[in-house]
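User: I'd like to learn how to read the pockets and the overall fold of a model. Can you walk me through one?

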Amino acid sequence: MHTYSPQIPASLVTALRAAERVAVLTGSGISAESGVPTFREAQTGLWVQYDPQQLATPEAFKNNPRLVWEWYAWRRELVTKAKPNPGHLALVHLEPMVPELSLITQNIDGLHQRAGSQGVIELHGNITRTRCSIDGEPVESWNETGEIPPRCPRCGGYLRPDVVWFGEMLPETALMTAIEIAERCDIFFSIGTSAVVQPAASLPLNAKRQGAILVEINPDETPLTPLVTYSLSGQAGDILHRLVQIASIR
Ligand code: BV8
């Protein structure tokens, strides 16, 4: 494992240019430069007293649906105001440069899609989508009666954000596709994630096990750092932008 900061290793550029299948897994760190607090620091103001890991659970929603709905409404507001940053845009520019780019995200902010990335695999859902907490079906619109959470127009059950909470299963197709990508890729980037939440955190290990080059981009060390081929220590927006720029010059 080599740690580079801030230059981009020539051997990594060569490997990226030669790669047939490039896999990318992102976490909230890639959206930090868009002003969206990372998952662990998602608490400011009113929310500072709550632990995100406790709030992002079915139990919290059952015990206090109003609190959980309002937490997501606050985060949705932040996300709606946020703009994609150079890190998101670098991944859009990388797409046509390689034969196959697969983008898997743990993020629920939809910023990769707003940046222009195609075929984004959302492992943990999307905060801008809402579903019925009873039948799980999406709900596009509902009567604003002032009740919080609002109720499903079909069955009257509470509405909830279309995200995956702790203790909930990930969307099966998204997870199966992500595992397949990790098993087949030549190079796997883990960007802006603390690499602890399962099953997403196992994807880079699956890739390494089948011989992929493993690259981590993060200003901080994570449990993955000792296992990677390249550890690029710094901000995703800066590093990704420079990596893609250098790799694009033939
Ligand atoms: C499941 C959506 C089967 C919601 C999220 C023990 C007990 C109970 C459960 C478990 C257990 N052990 C394992 C589990 C399973 C559990 C889990 O993994 N727990 C962990 C904590 C051990 N996982 C689950 O429950 C999953 N479901 O396994 O189902 C099952 C069923 C029943 C019982 C057991 C198992 C569901 C997990 C999905 C949860 N939902 N998000 C919401 O957002 O509100 S997870 C959420 O946290 C994020 O989506 C993300 O995936 C995760 C971690 O966040 P990160 O994105 O990594 O953000 P974080 O803040 O942690 O780190 C940011 C990083 O960016 C930092 O490293 C920072 O240095 C870096 N950074 C900062 N700035 C920048 C930067 N990097 C680059 N550039 C920058 N500028």
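Analyst: Sure, let's start with the pocket. Bear in mind that this is a predicted model. The largest pocket here has a volume of about 940 Å³.

User: How does one find empty space like that, and which residues lie nearest the centre of the largest pocket?

Analyst: The general idea: rolling a probe the size of a water molecule over the atoms shows where empty space is left. In this case, 47 residues line the largest pocket, and Gly27, Ser28, Thr38, Phe39 and Asn107 are the ones nearest its centre. Helix 2 (29-32) and helix 5 (65-81) are the elements that give two or more residues to that lining. Helix 5 gives the most, with five residues.

User: What is the make-up of the lining by class?

Analyst: You get 23 nonpolar, 17 polar and seven charged residues in the lining of the largest pocket.

User: Which domains does the lining draw on?

Analyst: At least three lining residues come from each of domain 1 (1-36 + 84-124 + 170-250) and domain 2 (37-81 + 127-163). As for how those two domains sit, their C-alpha centres are 28 Å apart, and 13 residues of domain 1 are in contact with 13 residues of domain 2.

User: Zooming out, how many helices and strands does the protein chain have, and how do I judge its compactness?

Analyst: The protein chain has ten helices and nine strands. For compactness, set the radius of gyration against the globule rule: the chain comes to 19 Å, close to the 18 Å the rule gives for 250 residues, so it is as compact as a globular protein of that length. Its C-alpha trace spans about 60 × 35 × 30 Å along the principal axes, and buried residues make up 51% of the chain. On contacts, take the pairs at least 6 apart in sequence: 68% of them join residues at least 24 apart.

User: What about backbone oddities? Where are the cis peptide bonds?

Analyst: One joins Ile148 and Pro149, with omega about -5°; Pro149 is in the loop between strand 5 (125-132) and strand 6 (159-163). Another joins Gln198 and Pro199, with omega about 0°, and Pro199 lies in the loop between strand 7 (187-191) and helix 9 (203-209).

User: What is the phi of Ala195, and is Ala195 buried or exposed?

Analyst: Phi of Ala195 is near 55°, a positive value in a residue other than glycine. Ala195 is also in the loop between strand 7 and helix 9. The cut-off for buried is under 20% relative accessible area, so Ala195, at 15%, counts as buried.

Definitions and conventions:
Residues numbered from 1 in each chain as written. Predicted model: local features only at pLDDT ≥ 70, side-chain atom pairs only at ≥ 80, totals over all residues. Heavy atoms only, no water. 1 Å grid on protein atoms, 1.4 Å probe; cavity = no way out; pocket = protein on both sides within 12 Å on 5 of 7 lines; lining within 4 Å. Points joined across faces, edges and corners; volume = space filled by probe spheres on them. Helix = DSSP H or I, 4+ residues; strand = E, 2+ residues; numbered from the N terminus. Nonpolar A, V, L, I, M, F, W, Y, C, P; charged D, E, K, R; others polar. Domains from an automatic or database assignment. Rg over C-alpha atoms; globule rule 2.2 N^0.38 Å. Buried < 20%, exposed > 50% of the residue type's maximum accessible area, 1.4 Å probe, protein only. Contact = heavy atoms within 4.5 Å.
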